[in-house]
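Q: Pick one part of this model and take me through it up close. I'd like to hear what is tucked away there and what lies around it.

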Amino acid sequence: MLFTVGESTCPVPRQWLFRSPAEPMGNRFKEAAHVLAAYQALAGEVDIIHDHTDLGPVLAGRRGITRQPVVTTIHGQVAQNRRRLAQAARHASIVAISRAHARSFGPIPVAAVIHHGIDLDIHKPGPGTGGYLLFVGRMSPDKGAHRAVRAARRAGWPLVITGRIREPAERAYFEEQVRPLLGPDDDMLAEQPLAIRVDLMGHAAALLNPITWPEPFGLVMAEALATATPVLTFPDGAAPEIIDHGRTGYLCRGQDEMTAAVARVPQISRRECRAAAEQRFSLARMAADYDRLYRAILQHPGRPAPEQTRTGTP
């Protein structure tokens with residue numbers, strides 16, 4: 001049973017409170033209404049509730065409507081939500097999405113570390129013959145589109161950029177720090193549908209991902225590997241758990257190293273990149289990890305799963 005929005009087309013039994021996604025994103029009042037309706041609808045109907053919010057376990061626990069064990073996967077940074085996550089841990093088994101992410105929880109118990117999975121039937125391997133480097137991501141200094149432009153320019157490669165520019169801060173960053181660096185061979189595309197983004201990845205020589213923040217996972221890196229595209233990134237957050245230096249890309253200590261690494265991209269086997277995605281970032285692997293966690297929880301009803309259940313990529 002999936003508690004979602006009425007517009008969802010996911011081919012499973014569904015229930016919902018809101019017909020369409022609530023706007024604006026991040027509205028806590030609507031999120032609270034959604035999660036409370038979900039817990040009330042699922043009470044007694046399923047063996048385990050898997051919640052992808054940090055608010056749900058707290059509200060449901062306070063109202064006493066949590067009858068089943070609860071798993072909650074945390075997708076964002078911990079620092080801003082530490083107190084609420086500590087409360088959620090009283091009612092739910094918490095899943096972090098990387099080992100780096102788990103370390104940021106400090107004393108808050110983490111039941112499992114489970115890396116995300118990629119639909120390998122959609123993210124198919126590409127030839128890498130487009131003659132360009134690629135940046136995919138929202139327009140934010142932490143994501144580093146301006147650093148990607150500089151690295152590509154100094155390496156003598158055209159750069160294709162596609163990313164989210166929705167919020168005023170994102171537009172301001174692009175206009176002030178990215179657009180002035182673009183040359184005649186660089187392309188800035190609007191936020192693209194999945195199929196086009198996958199095609200861009202598959203034809204890119206490499207993905208540039210010069211992040212400067214502790215990103216909890218970094219889905220775009222796993223997606224690039226699935227399309228057989230090497231990744232050049234900085235060793236922040238979960239990047240060292242996704243990219244094998246010298247095998248599926250390069251972990252670069254700064255913009256100069258990233259520029260130099262572009263010349264070494266031909267040394268990376270695109271077949272190895274795809275193989276890494278198949279072995280470590282498939283949907284089947286992710287589902288098996290969660291199934292293992294669910295079974296561990298059901299063996300100990302009435303309390304969260306044992307801390308740091310060993311699931312996910314080694």
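A: Two parts count as being in contact when they have heavy atoms within 4.5 Å of each other. Keep in mind that this is a predicted model, with a mean pLDDT of 92 for the protein and 95% of its residues at 70 or more.

Let's go to helix H7, residues 194-203, where Val198, Leu200, Met201 and Gly202 are buried. The cover over those residues includes three strands, S7 (133-136), S8 (159-162) and S9 (187-189), along with helices H8 (219-226) and H11 (270-280).

Follow H8 and H11 a bit further and you run into a ring contact. Phe217 sits in the loop between strand S10 (206-209) and H8, while Phe281 is in the loop between H11 and H12, so the pair links parts of the chain 64 residues apart. The two rings meet edge-to-face, at 6.1 Å centre to centre and with 75 degrees between their planes. Phe217 is buried at 3% relative accessible area, and Phe281 is buried too, at 0%.

Past that second loop comes H12 (residues 283-298), which packs on a sheet and touches S3, S4, S5 and S6. That sheet is open, with four strands in the order S3-S4-S5-S6 and parallel pairing. Its edges are S3 (49-51) and S6 (112-113), each paired on one side only. Further in, three bridges join S4 (residues 70-73) to S5 (residues 93-96), and Thr73 stands opposite Val95 in S5. The direction of H12 makes about 145 degrees with that of S4.

Conventions: Residues are numbered from 1 along each chain as its sequence is written. This is a predicted model: local features need pLDDT of at least 70, side-chain atom pairs count only at pLDDT 80 or more; totals for chains, interfaces and linings use all residues. Side-chain values use heavy atoms; hydrogens and water are left out. pLDDT is the predictor's confidence in each residue, from 0 to 100. Buried means under 20% relative accessible area, exposed over 50%, partly exposed in between (1.4 Å probe, protein chains only). Helices (H or I, at least four residues) and strands (E, at least two) are DSSP runs, numbered from the N terminus. Two strands pair if DSSP finds at least two bridges between them. Axes are lines fitted to C-alpha atoms, for helices over the stretch in contact, and angles run from 0 to 180 degrees between N-to-C directions. Rings of Phe, Tyr and Trp (its six-membered ring) pair if their centres lie within 6.5 Å; planes under 30 degrees apart count as stacked, over 60 as edge-to-face and the rest as tilted.
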